[in-house]
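User: I'd like to go through this model and ask how each label is earned. Can you take me through the reasoning?

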10 protein chains.
Amino acid sequence: MMFMVQMQVTKPFGMDDDVWSSLLEKERAYSQAYQQDGTWQHLWRVAGKFANVSIIEADSAEALHEILTGLPLFPFIEMEITALCQHPNAIAR
Amino acid sequence: MMFMVQMQVTKPFGMDDDVWSSLLEKERAYSQAYQQDGTWQHLWRVAGKFANVSIIEADSAEALHEILTGLPLFPFIEMEITALCQHPNAIAR
Amino acid sequence: MMFMVQMQVTKPFGMDDDVWSSLLEKERAYSQAYQQDGTWQHLWRVAGKFANVSIIEADSAEALHEILTGLPLFPFIEMEITALCQHPNAIAR
Amino acid sequence: MMFMVQMQVTKPFGMDDDVWSSLLEKERAYSQAYQQDGTWQHLWRVAGKFANVSIIEADSAEALHEILTGLPLFPFIEMEITALCQHPNAIAR
Amino acid sequence: MMFMVQMQVTKPFGMDDDVWSSLLEKERAYSQAYQQDGTWQHLWRVAGKFANVSIIEADSAEALHEILTGLPLFPFIEMEITALCQHPNAIAR
Amino acid sequence: MMFMVQMQVTKPFGMDDDVWSSLLEKERAYSQAYQQDGTWQHLWRVAGKFANVSIIEADSAEALHEILTGLPLFPFIEMEITALCQHPNAIAR
Amino acid sequence: MMFMVQMQVTKPFGMDDDVWSSLLEKERAYSQAYQQDGTWQHLWRVAGKFANVSIIEADSAEALHEILTGLPLFPFIEMEITALCQHPNAIAR
Amino acid sequence: MMFMVQMQVTKPFGMDDDVWSSLLEKERAYSQAYQQDGTWQHLWRVAGKFANVSIIEADSAEALHEILTGLPLFPFIEMEITALCQHPNAIAR
Amino acid sequence: MMFMVQMQVTKPFGMDDDVWSSLLEKERAYSQAYQQDGTWQHLWRVAGKFANVSIIEADSAEALHEILTGLPLFPFIEMEITALCQHPNAIAR
Amino acid sequence: MMFMVQMQVTKPFGMDDDVWSSLLEKERAYSQAYQQDGTWQHLWRVAGKFANVSIIEADSAEALHEILTGLPLFPFIEMEITALCQHPNAIAR
């Protein structure tokens with residue numbers, strides 16, 4: 001199943017910069033592992049924001065939940081999840 | 001440039017069903033032409049809605065505007081447009 | 001997979017009452033068929049509204065989409081879909 | 001009476017992790033006690049969020065209020081409450 | 001149980017004035033019957049609007065639903081329902 | 001004049017519990033004094049929330065303002081005020 | 001008592017222009033009568049909109065309601081009412 | 001004075017296409033006259049929408065109001081007006 | 001030119017009470033100076049809120065901006081600005 | 001390509017004033033450099049707010065993103081980005 005996930009990240013005022021940098025580094029590794037195994041199919045930055053649009057394939061909502069809540073930045077991300085289907089007008093690729 | 005376009009379609013109450021069917025048919029052909037030439041890169045149906053999430057590549061906002069306003073269903077679509085960038089954590093494919 | 005679907009029905013002003021009644025009757029039969037085969041697991045009326053909260057099990061977003069867009073009242077329903085998971089605190093039943 | 005309760009949990013930035021862990025543990029025990037006695041009939045996790053959808057049976061709004069405000073995490077939960085009825089199209093189980 | 005019900009009435013443009021007047025008359029009789037038997041405990045007009053705030057006592061959400069959906073103006077009312085409890089600071093009367 | 005006042009209370013994270021308890025106690029005494037003299041005519045708890053619905057009679061907006069801003073919890077309350085009238089369909093009591 | 005009333009007027013599509021013109025003329029006379037007797041103390045146009053900001057003095061919410069619902073354009077106006085007080089920093093005039 | 005005006009145009013369903021075309025033609029002439037005399041300083045299309053962002057210089061809110069309400073499409077435009085100032089960081093041109 | 005300014009004041013949790021009191025005192029003096037010279041034409045308290053509705057006359061948006069950003073409480077005020085015009089139905093005073 | 005960027009700046013409560021002043025100074029230099037090279041084509045202050053409306057020309061969304069996220073105040077700015085096109089009614093300049 002495909003899900004669109006829209007993430008908006010907010011660094012809390014007062015958070016230590018080194019802690020934040022370390023979280024960002026872990027986030028990068030974490031998201032790339034899921035990209036490499038084909039789960040996290042697309043990852044775009046939203047222009048002008050600390051936000052992204054992601055397309056994630058997961059066998060179930062539980063699998064999606066595990067991926068998203070495992071994100072090192074999860075406590076600082078506002079998520080919006082949309083379940084997607086094959087579109088009848090989409091051409092085969 | 002990449003744009004995420006979220007479209008929500010509403011058939012006005014009272015519109016003739018044949019007119020609507022004909023618009024839907026034209027919409028299909030129109031969107032497939034842009035998919036085939038690689039412009040309309042992704043097209044997903046939003047589960048449970050007469051809505052879609054599209055990823056469209058266009059050289060400029062003018063080019064995007066021409067594609068979207070040319071949609072046969074354009075007068076009946078509520079659009080939300082988001083400019084996207086390459087994400088620093090995205091892996092090369 | 002489990003989905004919560006919140007539906008708000010609106011009868012368009014000017015719609016013929018007999019057409020509407022016939023749609024309601026078909027809606028009833030349609031939803032009961034999916035309840036009987038175990039797909040539509042829960043169906044509650046929202047107090048004071050022409051609205052419901054439904055829990056629907058579907059193998060995929062495509063399957064959910066087919067069920068929902070097949071509803072005789074679909075063109076008159078505003079839908080909100082939420083993907084659900086097993087909750088870690090939920091007890092086995 | 002049946003109520004749908006939608007809960008969104010937020011851990012305040014700066015809260016001690018041990019205090020939070022201890023609250024989570026108490027929350028688990030608390031919610032399971034109400035599940036075991038049949039009051040808290042359903043508990044689903046919302047995919048990708050620290051949130052849940054609950055179906056709670058309570059004799060009165062006072063009883064519901066006592067259950068909800070007794071939650072160890074209550075001060076950190078945003079609640080939305082919806083009173084539910086038997087739906088005329090629901091089949092007997 | 002006590003419920004606060006906030007109702008906003010909208011006369012559709014194009015509705016026949018006599019039909020509307022007749023509905024208003026029936027609405028009056030209907031609401032007064034429930035006021036007289038003590039069910040509809042309070043009914044206030046919102047200043048400057050075709051809207052009201054009502055306090056209704058009902059044994060169940062089903063009973064509330066029956067009262068509200070039976071309103072002659074029901075199809076033209078936007079409802080917001082809030083379940084109320086005894087307040088711990090309220091004095092006995 | 002009658003006003004509906006909807007109050008939502010929020011305890012700031014980090015506020016001392018004893019200070020808060022003392023404010024709650026003062027709030028109770030304060031609201032009961034206005035209930036006893038007939039000003040604060042109704043006070044209901046919103047089920048599942050640290051919130052209330054109040055019906056307050058006041059000779060003027062100034063009088064209402066004095067009552068509300070005098071609440072010991074005032075700095076921590078989000079208020080929504082609605083001016084009410086006698087409803088033409090309300091029966092005399 | 002003073003009330004701020006914000007009014008947004010919408011002419012329904014399909015309404016006869018002569019009927020509308022006649023309503024506008026009556027509206028003018030109606031509002032001027034209340035301005036002349038000192039009730040409708042201020043009336044400003046919102047720049048760029050078919051909307052106004054009004055300051056109306058009324059002895060009660062009932063009196064305000066009578067004035068507003070008597071407006072010839074009332075069925076086509078969306079109203080927002082705010083009760084005002086003397087401000088402690090306001091200078092006497 | 002400078003104002004940002006954001007306009008969203010909606011063609012009512014059922015409006016005659018020739019009437020609409022004629023309005024669009026008049027709109028073009030009208031807006032170009034104000035552009036030519038330097039009043040309507042900027043006019044951009046919002047990508048993917050029947051909407052624009054305009055920067056209009058006007059001596060007063062009355063002058064702005066006259067320009068905007070004189071638009072042939074005015075009854076079909078939702079307007080948002082924002083008063084602008086010289087920015088302290090803006091460089092002279 | 002006339003502007004309606006709606007201000008909502010929020011004291012940050014943790015701000016020193018003496019600092020706040022001193023700001024309030026300065027705010028009073030500041031607003032009274034502009035009231036006395038006729039710039040700040042009206043100042044009303046919103047009933048039940050730490051908020052006001054103000055009518056301010058300013059030669060330009062720059063002049064308005066200078067007045068508002070000079071308020072001692074400016075960093076703690078959420079502002080909404082609306083440009084006003086003479087209303088065609090307003091009577092001369 | 002042209003983008004409208006609406007920025008709302010918020011100084012966090014508790015931030016050191018000298019740090020803030022230094023950020024403001026850097027912001028000024030940063031925005032002026034992009035104004036001088038013709039990228040940041042317009043910069044207006046929103047009257048009464050710590051906010052601006054900017055028109056920025058960028059070859060791509062990536063270029064826009066680099067400009068905006070490089071702003072010294074970026075972590076304290078809420079951004080809204082709108083892609084703009086040439087308007088068919090705009091006159092050549």
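Analyst: Sure. This is a predicted model, and a good place to begin is chain J, where strand S1 (residues 2–9) and strand S3 (residues 51–57) pair in the antiparallel sense over seven bridges.

User: What makes S1(J) and S3(J) a pair?

Analyst: Two strands pair if DSSP finds at least two bridges between them. S1(J) and S3(J) have seven, so they count as paired. As one position in that ladder, Met2(J) stands opposite Glu57(J).

User: And how do you know that S1(J) pairs with S4(J)?

Analyst: By the bridge count again: eight of them join S1(J) to strand S4 (residues 77–86) of chain J, in the antiparallel sense. Gln8(J), for instance, has Glu78(J) as its bridge partner in S4(J).

User: Why is S1(J) called mostly covered?

Analyst: A residue is buried at under 20% relative accessible area. Seven of the eight residues of S1(J) are buried, so the strand earns the description.

User: What makes S2(I) largely enclosed?

Analyst: In strand S2 (residues 40–46) of chain I, six of the seven residues are buried, so the rest of the structure largely encloses it.

User: Which strands does S2(I) pair with?

Analyst: Inside its own chain, S2(I) runs antiparallel to strand S3 (residues 51–57), with five bridges; His42(I) is matched there with Ile55(I). From chain G, strand S4 (residues 77–86) pairs with S2(I) over three bridges, also antiparallel. At that junction Gln86(G) stands opposite Trp44(I).

User: What lies between S2(I) and S3(I) in their hairpin?

Analyst: Four residues separate the two strands, and Gly48(I) in the turn has a positive phi of about 85 degrees.

User: How do you know that chain A and chain D are in contact?

Analyst: Contact means heavy atoms within 4.5 Å. Here 12 residues from chain A and seven residues from chain D take part. About 670 Å² is buried between the two chains, 73% of it on carbon and sulfur atoms. On the chain A side, His65(A), Phe74(A) and Ile81(A) lose the most area, together 51% of what that side buries.

User: How many residues take part where chain B meets chain A?

Analyst: There, 31 residues of chain B are in contact with 31 residues of chain A. These two chains bury about 2800 Å² between them, with 59% of it on carbon and sulfur atoms. Trp44(B), Arg45(B) and Asn89(B) supply 23% of the area that chain B buries against chain A, more than any other three residues.

User: What makes you say that chain A and chain H do not touch?

Analyst: The contact cut-off is 4.5 Å between heavy atoms, and no contact is found for this pair; the nearest C-alpha atoms of chain A and chain H are 15 Å apart. Chain E and chain I also have no contact, and their closest C-alpha atoms lie 15 Å apart.

User: What lines the second largest pocket?

Analyst: That pocket holds about 1200 Å³ of space. Among its 27 lining residues, the closest to the centre are Thr10(B), Lys11(B), Phe13(B), Pro75(C) and Phe76(C). The largest share of the lining, three residues, comes from S4(C). By class, the lining has 14 nonpolar, eight polar and five charged residues.

Methods:
Residues are numbered from 1 along each chain as its sequence is written. Chains are lettered from A and ligands numbered from 1 in the order in which they are written. This is a predicted model: local features need pLDDT of at least 70, side-chain atom pairs count only at pLDDT 80 or more; totals for chains, interfaces and linings use all residues. Side-chain values use heavy atoms; hydrogens and water are left out. Buried means under 20% relative accessible area, exposed over 50%, partly exposed in between (1.4 Å probe, protein chains only). On a 1 Å grid over the protein atoms alone, a cavity is a set of points where a 1.4 Å probe fits but cannot get out, and a pocket is an open set with protein on both sides within 12 Å along at least five of seven lines; lining residues have an atom within 4 Å of a point. Grid points are joined across faces, edges and corners, and a volume is the space filled by probe spheres set on the points. Ala, Val, Leu, Ile, Met, Phe, Trp, Tyr, Cys and Pro count as nonpolar, Asp, Glu, Lys and Arg as charged, and the others, Gly among them, as polar. Buried area is the accessible area (1.4 Å probe) that two parts lose on being put together, summed over both.
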